[in-house]
Amino acid sequence: MSGDDRPTMPPVRLPSEAELARDALAAPLFARAVSLARWADEKPVPVGAGGELLADELAEAAARLGLIGDPEGTAATAEAWNLAVDTGLLEVDEDEDAEPTLESDEAVGTASGGGELARLTGSAAPADVLELWQGGLETVLADAATPSLEDLLGDLEGVVGDDGEIDPDAVDLDALEWDPEEEADFLDSALGNLYLFTLQDPAVASGAMVPLPVLAASMIVPDDMDEPTDEVLEEVSVAMMRLDEQFRILEPTGMLAYRPVDEALTQEADDALPDDESAPGEEEDVSRYGMVRLTPLGLHGMRQRMLDAGIDAPLVGDLAEEDATTLLGALVSYPETGAREEVEGWFAARDSADRAARDLLAAARGRDDEAPGRRLVCQQALSLAGDAAEPALRDVLDDAELGGLARVWLVEHGAEDVPPPDERMVFWLAVDTIAAQLATAGEPDELRELIRGLVDQHAGFFDKAWKVDHPAAADVLEAMGRLHPDRGTAKEARKAAFKARSAHPG
């Protein structure tokens, strides 16, 4: 968490605003919306109720976009036109005397270029383009989170009249099992997980795509479930198909690169025998189940949405001018790659590596709950400081809180004449290291191995560890009691935790 307790995301590296603006203008849906707005700006276009294109004008607009003959051309043209209206690229002037009906195809007004088009074709800055694109994205996200009436109603028999239109009197809207907020949360959750995949997985960050089953499972399968049940797998399958529909809608915005689910899979599933329990072969192409990634423009759009929602979503480089205390406090929650980039930028912004190292060491001191985490990331940050940091580290060899990490750094960098630590410092560093791991990573398997190694390496570990004057000693010993695989050793750890808590109450 940041200082104001807002949720914090890992840092993201983005292209310049100019590059992102070019991507926005090239996104198919946005580019078509701009093209249609310019068309209407040349000569006002007759429109129906709500600014919708009439049949003749829709055909002309499709021709303008080069979509005549495309099976999806009419729908794509209508979507682009509607986006232009929603974003202000088009301005609709309705005739107040007209009396439109749903069945008519008569003009009730005209549409022409709007204020946003004038701004876009004038001297629009990249930030203006991105703001306009972001507004359009919000519209499309809302559309993607809204299921079609066919999806909601299932069988349309009895609700569709002879004219092919849905009879509103035949639909009980209150009985529909659809929660708009839940649908929006579902899509937001998927995109949020995709954002995290991009920032935390180096392969995805480098352009690899995330299999749709993996993304769906990240939303459905509980973290502590080793083997998903059939019911959970069914939920994952349903979530995949929902995401497939939504991502097809979102891809033209330029937010996603998406390879849809192979439609043949649905037919294959329908053709399978009821008792066919055979699993997909190892050689099966996982891409058939859908592949997706956020584009740089999509990362920008998601970051903006998070900022608007009060989530701290930093950019790589944001900390370059901050002081050492702010840097270490932020790095505690950063993934390894993002932390390294941030530290490199922080050192590059300083004239003296020695002074920077001393500032980091000073910021790492403390007996507060966050101090062990700060010391851990301080040690990691100093690994990038180079030999220039050696004098600063030698100066803290006798420091009760920093002497241990200083020795580790010096030995790892091949320094000579490093004095061995006394027993008190060894155990203090062990407790501090485990406390930092618990605070930053929880209780992963790697920590279990660390704990086992420490106990095996030091005879009578718990008899000495409980006496360590470290504020987290009791909590660390309790954790060791939970995590050590040997029941007898775990019991020793719990007894030591009781002694530590009694010796240092509060």
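Reader: In which loop is Gly310 found?

Author: In this predicted model, the position of Gly310 can be given by the helices on either side of it, which are α13 (296–308) and α14 (324–331). Gly310 is partly exposed there, with a relative accessible area of 25%. The place asked for is therefore, by the helix assignment, the loop between α13 and α14.

Reader: How many residues apart in sequence are Gly310 and Thr8, and how far apart are they in space?

Author: The two separations are best read side by side, since one is counted along the chain and the other is taken from C-alpha to C-alpha. Gly310 and Thr8 are 302 residues apart in sequence, while in space the distance between them is 9.4 Å.

Reader: Which parts does the salt bridge between Arg242 and Glu183 tie together?

Author: The closest N and O atoms of Arg242 and Glu183 are 3.0 Å apart, and a salt bridge requires that such atoms lie within 4 Å. Arg242 belongs to residues 230–250 and Glu183 to residues 180–200, so the pair ties together parts that are 59 residues apart in sequence. Those parts are helix α11 and helix α8.

Reader: Is Glu183 buried or exposed?

Author: The class rests on the relative accessible area, and a residue counts as buried when that area is under 20%. Its partner Arg242 is partly exposed at 26%. For Glu183 the relative accessibility is 16%, so the class is buried.

Reader: Why are Arg358 and Asp354 separated by about one helical turn?

Author: Arg358 and Asp354 form a salt bridge in which the closest N and O atoms are 3.0 Å apart. Arg358 counts as partly exposed at 25% relative accessibility, and Asp354 is also partly exposed, with a relative accessible area of 25%. Both residues lie in helix α16 (residues 353–364), and the separation is about one helical turn because they are 4 residues apart.

Reader: Which residue is buried, with a relative accessible area of 11%?

Author: The residue belongs to a salt bridge between the side chains of Asp368 and Arg374, with 2.9 Å from N to O. Asp368 is partly exposed, with a relative accessible area of 33%. Since buried means under 20%, the value of 11% gives the buried residue as Arg374.

Reader: How many salt bridges does a search of the whole structure find, and which residues are linked in a network?

Author: The search of the whole structure finds 23 salt bridges. Salt bridges also join into a network, and the residues linked in it are Glu116, Arg119 and Asp128.

Reader: Why is the pair of Trp346 and Phe347 edge-to-face?

Author: A search of the whole structure finds 5 aromatic pairs. In the pair of Trp346 and Phe347 the ring centres are 5.5 Å apart and the planes stand at 80°, and both residues are buried. Planes over 60 degrees apart count as edge-to-face, so the deciding value for this pair is 80°.

Reader: Which residues form one aromatic cluster?

Author: Phe461 and Phe462 form an edge-to-face aromatic pair, with 5.4 Å from centre to centre and 85° between the planes. Both of these residues are buried. The cluster is formed by Phe427, Phe461 and Phe462.

Reader: Which residues form a positive surface patch, and in which helix is Arg494 found?

Author: The positive surface patch is formed by Lys467, Arg487, Lys491, Arg494, Lys495 and Lys499. Patch residues must have over 30% relative accessible area, and Arg494 is partly exposed at 47%. The helix in which Arg494 is found, covering residues 487–503, is α24.

Reader: Which residues form a negative surface patch?

Author: One of the residues in question, Asp143, has its place in helix α6 (residues 126–144). At 47% relative accessibility, Asp143 counts as partly exposed. The negative surface patch is formed by Asp70, Glu72, Glu79, Asp86 and Asp143.

Reader: Which residue has a positive phi although it is not a glycine?

Author: The residue has its place in the loop between α19 (403–412) and α20. It is exposed, with a relative accessible area of 71%. Its phi is about 55°, and the residue is Asp417.

Key:
Residues are numbered from 1 along each chain as its sequence is written. This is a predicted model: local features need pLDDT of at least 70, side-chain atom pairs count only at pLDDT 80 or more; totals for chains, interfaces and linings use all residues. Side-chain values use heavy atoms; hydrogens and water are left out. Patches are made of residues with over 30% relative accessible area and no salt bridge: like charges are joined within 9 Å, nonpolar side chains (Val, Leu, Ile, Met, Phe, Trp, Tyr) within 5 Å. Accessible areas come from the Shrake-Rupley method with a 1.4 Å probe; for residues, only the protein chains shown count as cover. Lys and Arg count as positive and Asp and Glu as negative; His and the chain ends are not counted. The place of a charge is taken as NZ of Lys, CZ of Arg, CG of Asp or CD of Glu. Helices (H or I, at least four residues) and strands (E, at least two) are DSSP runs, numbered from the N terminus. Buried means under 20% relative accessible area, exposed over 50%, partly exposed in between (1.4 Å probe, protein chains only). Rings of Phe, Tyr and Trp (its six-membered ring) pair if their centres lie within 6.5 Å; planes under 30 degrees apart count as stacked, over 60 as edge-to-face and the rest as tilted.
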